[in-house]
Number of protein chains: 2
Amino acid sequence: MKRALVVFLAAGWLHAASAAERPSYTADGRMLPLPGYREWIFLSAGLDMTYESEPGPSHSTFGNVFVNPQSYRVFMATGRWPDKTTLVIELRDAVTEGSINKGGRYQTQFRGLEVHVKDEKRFPGKWAFFSSDGKEPAQRIPAAADCYTCHQQHGAVDTTFVQFYPTLLKVAQEKGTLAPSAATAR
Amino acid sequence: MKRALVVFLAAGWLHAASAAERPSYTADGRMLPLPGYREWIFLSAGLDMTYESEPGPSHSTFGNVFVNPQSYRVFMATGRWPDKTTLVIELRDAVTEGSINKGGRYQTQFRGLEVHVKDEKRFPGKWAFFSSDGKEPAQRIPAAADCYTCHQQHGAVDTTFVQFYPTLLKVAQEKGTLAPSAATAR
């Protein structure tokens, strides 16, 4: 009886946490800000990554990628993303000069967010992208944008770039959930 | 009565979580591995940062910094680190060529950890550094090493490099907890 109560209450605790992670929207389809994303699970960070042959922008930028904790736990157990998975890439200036640093790069000013969300009933392709300033409701990036086709063609797991998240890549390899293109490319 | 039970059990839940965060040691003073650090709070990532005028290593490396969640919450509320604060920097290879990436850098192979831990009763200077492979108990870095004096002289808050963690820097500025050298340097 005592154990049943603990399990019940622990489930309630987890449920309360997951409610705060869930994507929600305005009546006109903009996505509400995700104030807690900095306390989500960190997946990886990149610097000035580009998928085109042209040189990247002259302004140097880090991208920090986070995912909501509940979806992370499902991925670690199964190698798959559940409905309502929300990935956030946070962009920050990459600078060299400051404090005692003499080389390489570190992070300073916030420059915006991009959000990749799985909401199966809401979006025809199950996933959508939003571009956000972190404060106002975010506009959806139109479904014809390059990011959709690129993620569909090259995402290692279910349109997401797990190939760039080393701790998840290992799980997807073990669980056999890599897309055929990603499984043969490495 | 029901509410009291919930509060009691929630406190137990939190206590269990915080116990898993606490540093612990072998009888001969090595620090036990921290298997959950990748699920702690991410503070920032840097690339090839160096505090010396000589050029950095030719091999390019990202450093991802995490802190245990309970100490993070105290810092966000007070701008100060409580006892048992544990900061981890995880080192990973920084590569360009791979998958569809054409420029910049992303993270691959794990290359080791450095741990900075506050354990007031255990260490004469309150804080100590350990170097870890993530698997075996970690050796303490001797107190005469450069990292101790550098962090003492240049750490923005209590010997830690908060100047490189933008979300914490803002809190330390607001709470007035920056070291005098850091407060005047910016």
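Leaving out its neighbours within four places in sequence, Asp158(B) is in contact with Arg80(B) and Trp81(B), where contact is defined as two C-beta atoms, placed from the backbone, that lie within 7 Å. The model is predicted, and for that reason local features need pLDDT of at least 70 and side-chain atom pairs count only at pLDDT 80 or more, whereas totals for chains, interfaces and linings use all residues. Residues are numbered from 1 along each chain as its sequence is written, while chains are lettered from A and ligands numbered from 1 in the order in which they are written.

Asp158(B) belongs to the loop between helix H3 (146-154) and helix H4 (166-175) of chain B; helices (H or I, at least four residues) and strands (E, at least two) are DSSP runs, numbered from the N terminus. Because 19 other C-beta atoms lie within 10 Å, Asp158(B) is partly exposed. The burial classes are set by the number of other C-beta atoms, placed from the backbone, within 10 Å of a residue's own: 20 or more for buried, 12 or fewer for exposed, and partly exposed in between. Asp158(B) and Ala179(B), 21 residues apart in sequence, have C-alpha atoms 7.3 Å apart in space.

For chain A, the secondary structure comes to five helices and six strands, and the elements run α-β-β-α-β-β-β-β-α-α-α from the N terminus on. Of the 186 residues of chain A, 35% count as buried, and among contacts in chain A between residues at least 6 apart in sequence, 48% join residues at least 24 apart.

The strand pairings below rest on DSSP, which must find at least two bridges between two strands for them to pair.

| Strands | Bridges and sense | Citation |
|---|---|---|
| E2(B) (61-67) and E3(B) (86-95) | seven bridges, antiparallel | E2(B) with E3(B) |
| E3(B) and E4(B) (103-118) | nine bridges, antiparallel | E3(B) with E4(B) |
| E3(A) (86-95) and E4(A) (103-118) | nine bridges, antiparallel | E3(A) with E4(A) |
| E4(A) and E1(B) | two bridges, antiparallel | E4(A) with E1(B) |
| E4(A) and E5(A) (127-132) | six bridges, antiparallel | E4(A) with E5(A) |

Individual residue pairs can be placed within these pairings. In chain B, Phe66(B) has Val88(B) of E3(B) as its bridge partner, and Arg92(B) stands opposite Phe110(B) in E4(B); strand E3(B) itself is mostly covered, with seven of its ten residues buried. In chain A, the bridge partner of Ala94(A) in E4(A) is Gln107(A), and Lys118(A) stands opposite Trp127(A) in E5(A). Between the chains, Gly103(A) stands opposite Thr50(B) in E1(B).

Phe62(A) is found in strand E2 (residues 61-67) of chain A, and it counts as buried because it has 28 C-beta neighbours inside 10 Å. Not counting residues up to four places away in sequence, Phe62(A) touches Ala45(A), Leu47(A), Arg92(A), Ala94(A), Gln107(A) and, in the other chain, Ala45(B). The C-alpha atoms of Phe62(A) and Phe110(A), which are 48 residues apart along the chain, are separated by 9.8 Å.

In soluble globular proteins, nonpolar side chains tend to be buried together. A nonpolar core is here a set of buried Ala, Val, Leu, Ile, Met, Phe, Trp, Tyr and Cys residues joined through C-beta atoms within 7 Å. The largest such core has 76 residues, and those with the most contacts inside it are Phe66(A), Ala156(A), Phe66(B) and Ala156(B). A second, separate core of eight residues includes Ala45(A), Leu47(A), Phe62(B) and Ala94(B). Ala156(A), neighbours within four places in sequence aside, is in contact with residues including Phe161(A), Val162(A), Leu169(A), Leu178(A) and Ala182(A).

In helix H2 (residues 69-78) of chain A, the buried residues include Gln70(A), Ser71(A), Tyr72(A) and Phe75(A), and just after H2(A), Gly79(A) takes a positive phi of about 75°.

Most residues other than glycine have a negative phi, and most peptide bonds are trans. Asp48(A) nevertheless has a positive phi of about 50° although it is not a glycine, and phi of Asp48(B) is likewise positive, near 50°. Asp48(A) is found in strand E1 (residues 41-50) of chain A and is buried, with 21 other C-beta atoms within 10 Å. Asp48(B) lies in strand E1 (residues 41-50) of chain B and counts as buried because it has 21 C-beta neighbours inside 10 Å.
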